[in-house]
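Colleague: Got a minute to go through this model with me? I'd like to talk contacts, cysteines and pockets.

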Amino acid sequence: MGSSAAASGPSSLKLVGLVAAWYAGNTLYNIYNKKATNMIHAHWFVAAAQLVVGVVWSMVMWGTGMRKTPNLTASDIAACVPIGLFACLAHAGSVLAMGVGAVSFAQIVKACEPAFAAVIGLLLPPIDVKPMLAYAMLIPIVGGVGLACVKEGKGVDINVTAFAWASMANMAAALKGKMGGSVTKSLKGDKSKNMDSANVYAVMNIISFLFNVPMVVIAEMDTLQVEWDKATAEHGAQALIINIALSGFFFYIYNEFAFAFTANVGAVTSSVLNTAKRVIIIVVSSIVFVEPMERNTVIGSAIAIGGTFAYSLASKVKPAAKKKKA
């Protein structure tokens, strides 16, 4: 009974539960992250504080024995360092983009991530050439994002700073995916290292935090105390700390559930559902933060997200094998 159940893969109920937790965690993260960044103008600090929550969570899980402690060598950790760096930039870029602009706008720009991944796949070895249909789907993605930036009666209206940070997040996420695939596969393949999907994410989260700290020092240390005092005077220290802590908690939780889901179903299904997730975030954030959604924004978002959905499917289509001549 046990072996046949294992062979049949995860139950549908488990998968539904993982998706529900992933979506709920991601949506709540975006809400509390925006509340926190609205309160304090120290967004590198907020990004670092969010990662601290995940670091503490991992230490508790390992310290109590609820999860096996990773057994990594110095060379294993060195291989993870570049991935942690790009994870840091991807996370911070998203926080900064949503901090200076609307959550919905950041999510629309982040729908362009496949375009960045496609370019990185062609530039960095091993070269990853997608089917032509996948490259064709980049046109509606980029075009949809462009249309969403066109305001009726105003022409192109872009929050340049938010666009730049979201684009940095896209580039970093693409580089993390490109460089991290082989490393994580190798670590997870060696059972002695105790690196299941949850521990892989936990290690990346810790390295990401270590890279985030110097950015706080460089970008915000001179003004951090002033910004903190200003935020606590206006909103109260308790409200500020709660929003930062909850955003960090939901950030870690949603990523852990997303990693677990991907490990069970594979990258294609996960990519498709990751695309659908953006629709929920855009709608919920527009309601919670009263972010206006003009006709072009709605149509452009739909086109871009639909293109991302199609790209996810088309990029995994394998070419038909050529028949050998007799």
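Colleague: Let's start with D128. Is D128 buried, exposed or partly exposed?

Modeller: D128 counts as partly exposed, at 32% relative accessibility. The cut-offs: buried is under 20% relative accessible area, exposed is over 50%, partly exposed is in between (1.4 Å probe, protein chains only). Some ground rules too. This is a predicted model, with local features needing pLDDT of at least 70 and side-chain atom pairs counting only at pLDDT 80 or more, while totals for chains, interfaces and linings use all residues. Residues are numbered from 1 along each chain as its sequence is written, and side-chain values use heavy atoms, with hydrogens and water left out.

Colleague: Which residue forms a salt bridge with D128?

Modeller: K130, with the closest N and O atoms 3.1 Å apart. A salt bridge here is a side-chain nitrogen of Lys or Arg within 4 Å of a carboxyl oxygen of Asp or Glu. K130 is buried, at 16% relative accessible area.

Colleague: How many salt bridges are there by this rule?

Modeller: Four. One of them joins D76 and K193, at 2.7 Å between the closest N and O atoms. D76 sits in helix 4 (residues 74–100) and K193 in the loop between helix 9 (160–189) and helix 10 (197–235), so the pair ties together parts 117 residues apart in sequence. Helices are DSSP runs (H or I, at least four residues), numbered from the N terminus. D76 and K193 are both buried.

Colleague: What about K230 and E227?

Modeller: Their side chains meet in a salt bridge, 3.9 Å from N to O. Both lie in helix 10, three residues apart, about one turn of the helix. K230 is partly exposed at 48%, whereas E227 is buried at 15%.

Colleague: Switching to cysteines. How many disulfides does the structure hold?

Modeller: Zero. A disulfide needs a pair of cysteine sulfur atoms within 2.5 Å.

Colleague: Why no bond for C88?

Modeller: Because the closest cysteine sulfur, in C80, is 15 Å from that of C88, too far for a bond. C88 is buried, at 1%. For C112 the closest is in C149, at 8.7 Å, also too far.

Colleague: Pockets next. How much space lies in the second largest pocket?

Modeller: About 300 Å³. The closest to its centre, of 15 lining residues, are A102, S104, F105, K151 and P292.

Colleague: Which helix gives the most to that lining?

Modeller: Helix 5 (residues 103–110), with three residues.

How values were computed. On a 1 Å grid over the protein atoms alone, a cavity is a set of points where a 1.4 Å probe fits but cannot get out, and a pocket is an open set with protein on both sides within 12 Å along at least five of seven lines; lining residues have an atom within 4 Å of a point. Grid points are joined across faces, edges and corners, and a volume is the space filled by probe spheres set on the points. Helices (H or I, at least four residues) and strands (E, at least two) are DSSP runs, numbered from the N terminus.
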